[in-house]
Every structure is written in C-alpha cells, then in structure tokens.
Amino acid sequence: MDPKTRKEILSYLLVIIIAILYIIIGNKMCLTELNEQSDLDFHKAKVTSVGDAISDSMSIFGEYSPFENTLIPFSMEFTGGPHKGESAEATQLIDNIYVNPPKEVEVGDHIIVAKNTGIESSADEWIFIEHNRSNYLIVLCLAFLLLIVLIGRSKGFATILSLVFTGSAIFLVYIPSILKGYNIYVSTVINCVLIIIVSLILLNGINKKTLCAILGNIGGVAVAGILTIIMNNLLNITGFVDEDYTYLSYLETGVPIDLKAVIWGGVVIGSLGAIMDVAMSIASAMNELSDHMEKKSFSRMLKSGMNIGKDAIGTMTNTLILAYIGGSLAMVLLLTAYNRSVLYLFNLEMIVVEVVQAVVGSIGILFAVPATAIFAAYIFNRDSTSFYDSY
C-alpha cells in the first residue's frame with residue numbers, strides 16, 4: 001500500500017475513533033434525569049374495529065368542558081411492547097374546541113395509546129394518544145440515506161458518517177449538557193468546533209483544503225457568535241421569546257437554564273451548516289486553482305477566492321433567511337393578521353430574535369468568505385508539498 005494512502009486511512013480511522021469516544025464520554029458526563037417524568041406509558045397498537053361516535057360534554061379525564069366532545073370507542077391489537085399480540089378496547093377523544101379536529105381513527109391505523117390516568121378511569125382503560133407516524137419517517141430517512149450513497153458513492157458514505165456524528169453530538173451531548181447545567185456558551189463552542197473539524201475531515205480527509213475550510217468556518221461562526229452576544233445586550237433580550245422558552249425556565253434542573261444563552265446557541269448552531277458550505281466551496285475551488293495556476297501568488301489567489309465567494313454569498317444568504325422564515329411562517333402570519341402595526345411587530349421579542357438569527361447568520365457567511373480566502377491564499381502559496389509530507 002502506498003505510504004500516503006496508508007496515512008490517509010489511519011488518519012481517517014483516528015478521527016472516527018475520536019468522534020466515537022467524544023459521543024460516548026460526553027453522553028455519560030452530561031446524562032441527567034429530570035424530576036418531572038411522564039405518568040403515561042406509551043404503546044404501539046393497530047386499530048381492528050371502530051364503534052359509533054358518542055357525544056359527551058365531559059372530557060375523558062373527568063373534567064367538565066363547555067364544548068361538546070366526541071368519544072370514539074375502538075378495538076385494537078398491540079403491535080409492540082409487553083402486550084404485543086393482545087387485544088384491548090380504547091377510546092379516542094376529539095375536542096371540538098379546535099377548528100380542525102384531529103383525524104378520527106380508522107380500521108388499520110397504526111396508533112400510539114396509553115392507559116388513562118384520570119380520576120374516574122378504570123385500571124384497564126386505554127386512550128388514543130397520537131397516530132404512529134414513525135414508520136413512515138423511518139422509510140423516508142432510509143430513502144434519503146440510500147440516495148446519498150447511490151449518488152455520492154464513497155463520498156456519500158462519508159456524508160452519512162458526518163450526519164450521524166453531527167446528530168449524535170447535538171442530541172446525545174449538546175442538549176444533555178444544557179439540561180445538566182453546564183455552561184451553554186462553552187458547550188456550544190466545543191460542539192461546534194468538533195462538528196466542523198470531524199465533519200470536514202470525514203468528507204474531505206486531512207489536507208490543505210480541509211484545513212482552509214475549517215479555519216474559515218470557525219472564523220465565520222465566531223463572528224456570528226460575538227455579534228449575537230452584542231445584539232442580545234443592545235436589544236434587551238430577556239430570553240422569554242415564546243411559550244417554549246417559558247417552559248424551559250420551569251424545568252427542575254440542577255442549574256437554571258440561561259435562556260439568553262439558549263438563544264445564542266440557537267443562532268450559532270443554525271448558521272453553522274450554511275457557513276460550512278460556503279467555506280468548503282471556496283477552499284475546494286481555491287485548491288483547484290492552486291493545482292492549475294501557473295504563476296501563483298497570494299494576491300492573485302486571494303482575488304480569485306473573493307470572486308468565488310461573491311457568487312456563494314447571494315445563494316447561501318437567501319438559503320439561511322428563507323429557512324428561518326419558513327420555520328416561523330405560521331407565527332408571522334398569525335402576528336401579522338392580528339397586529340397591523342409594523343412598529344409593534346418589529347419590537348416584539350419573538351420577531352426580533354428571528355430577525356437576529358437570520359441577519360447574524362448571514363453576516364457569519366459574509367465573514368467566512370474573506371476568512372477562508374485569506375487562509376487558503378496563504379496556505380496554498382507556502383509550498384507545493386503534500387499536506388501528508390509533514391507527518
């Protein structure tokens with residue numbers, strides 16, 4: 001085996017091992033149990049028959065409701081858990097207070113049920129909780145991963161590894177670290193830096209191109225993070241953006257959750273992907289320029305890198321802003337419908353935070369362009385030796 005190829009394989013395996021150790025150790029350090037646990041024990045089931053609907057002004061939990069509710073009795077068969085294969089009777093409550101009530105159960109529906117814990121309920125009374133949508137989500141995700149491999153081949157497999165690590169770092173380390181009470185600012189920085197380094201190395205290996213992309217990415221994210229802290233102070237952000245943030249403040253964790261830090265972390269994490277895309281695109285293009293440019297110089301490569309970045313700025317900035325708008329479209333529609341005052345809307349904290357997220361993230365992209373171009377122009381002009389020759 002060629003020595004260079006051997007070094008590439010060893011470095012690739014080393015990064016994977018480091019990533020796995022980080023997830024395992026980080027998860028054990030951050031794992032915590034909240035005091036408030038759900039009293040409901042959920043089970044998967046399949047509807048086998050549906051009875052006639054019953055109108056009732058009393059809710060299934062024994063509390064009076066001024067609206068006439070609809071109770072739908074049905075039979076079901078458990079498809080998982082300790083009751084798998086057993087049959088039971090259950091009830092679906094449809095609260096007519098909603099303009100668009102939930103879909104009524106039908107024969108063949110896969111659902112989630114739980115035992116009724118109401119005061120007037122019997123020990124064996126089961127209630128409908130939600131339609132089981134996880135099976136279709138799994139199929140969709142598997143199709144997505146299959147397409148990545150079919151189209152990307154080896155690069156697609158590396159993409160899947162990168163996605164697995166990113167998802168694990170967020171859900172198994174970063175989020176538990178916040179609930180554990182660790183400093184959100186420090187935890188965000190550590191996770192973002194590791195996601196940038198591991199993801200880019202898995203996708204492109206250890207080389208000058210990856211190094212340039214990592215440095216440019218960290219530079220862009222750092223600018224976004226610093227600017228968010230400044231804007232949070234200037235705009236007098238309290239952290240109580242909506243009901244989700246309010247619920248977070250009531251969680252019984254060891255250390256109260258810093259809501260302003262959560263907003264900061266959301267901005268940094270949200271802008272990370274777009275900044276990574278821009279930085280990698282510029283570094284990759286400048287790597288090709290370095291290989292084919294006859295008379296290389298720092299100024300010529302820097303100018304070329306900036307020209308490449310200008311084309312990426314428009315599309316990626318639009319992508320980021322549209323993503324934030326799409327994610328909060330229902331809220332914007334509701335607020336616009338009931339509050340015609342533009343002055344009021346653009347001073348409402350939930351709108352202000354959304355604007356800060358979109359604009360600051362876009363500024364991070366803008367700074368990632370010159371940062372990546374400068375690093376790449378310097379690194380690619382130092383010498384023409386391989387990055388692995390320095391090992």
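**A serine, a helix pair and two cysteines**

In this predicted model, the backbone oxygen of V164 lies 2.7 Å from a polar atom of the side chain of S168. The serine of this pair, S168, is found in helix 3, the helix that covers residues 154-180. S168 is also buried, because its relative accessible area is 17% and a residue counts as buried when that value is under 20%.

From this single contact we can turn to the way two helices are placed against each other. Helix 5, made of residues 208-234, and helix 7, made of residues 259-292, have axes that come within 7 Å and cross at roughly 150°. Since angles over 145 degrees count as roughly antiparallel, helix 5 is therefore described as roughly antiparallel to helix 7. The residues that form the contact of helix 5 with helix 7 can be sorted by character, and they divide into 15 nonpolar, ten polar and two charged. The crossing in which helix 5 passes helix 7 is right-handed.

The cysteines offer a last point to follow. A disulfide is a covalent bond that joins the sulfur atoms of two cysteines. How many disulfides does the structure hold? The structure holds zero of them, which leaves the surroundings of individual cysteines to be described one by one. C30 is buried, with a relative accessible area of 6%, whereas C141 is partly exposed, with a relative accessible area of 45%. The value for C141 falls in the partly exposed class because it lies between the limits of 20% and 50%.

Definitions and conventions
Residues are numbered from 1 along each chain as its sequence is written. This is a predicted model: local features need pLDDT of at least 70, side-chain atom pairs count only at pLDDT 80 or more; totals for chains, interfaces and linings use all residues. Side-chain values use heavy atoms; hydrogens and water are left out. Axes are lines fitted to C-alpha atoms, for helices over the stretch in contact, and angles run from 0 to 180 degrees between N-to-C directions. Helices (H or I, at least four residues) and strands (E, at least two) are DSSP runs, numbered from the N terminus. Angles under 35 degrees count as roughly parallel, over 145 as roughly antiparallel, 65 to 115 as roughly perpendicular and the rest as oblique. A crossing is left-handed if the near helix is turned anticlockwise from the far one by less than a right angle, and right-handed if clockwise. Ala, Val, Leu, Ile, Met, Phe, Trp, Tyr, Cys and Pro count as nonpolar, Asp, Glu, Lys and Arg as charged, and the others, Gly among them, as polar. A disulfide is a pair of cysteine sulfur atoms within 2.5 Å. Buried means under 20% relative accessible area, exposed over 50%, partly exposed in between (1.4 Å probe, protein chains only). A polar contact is a pair of N or O atoms within 3.5 Å; within protein, one must be able to donate a hydrogen and the other to accept it, and residues adjacent in sequence count only if both atoms are side-chain atoms.
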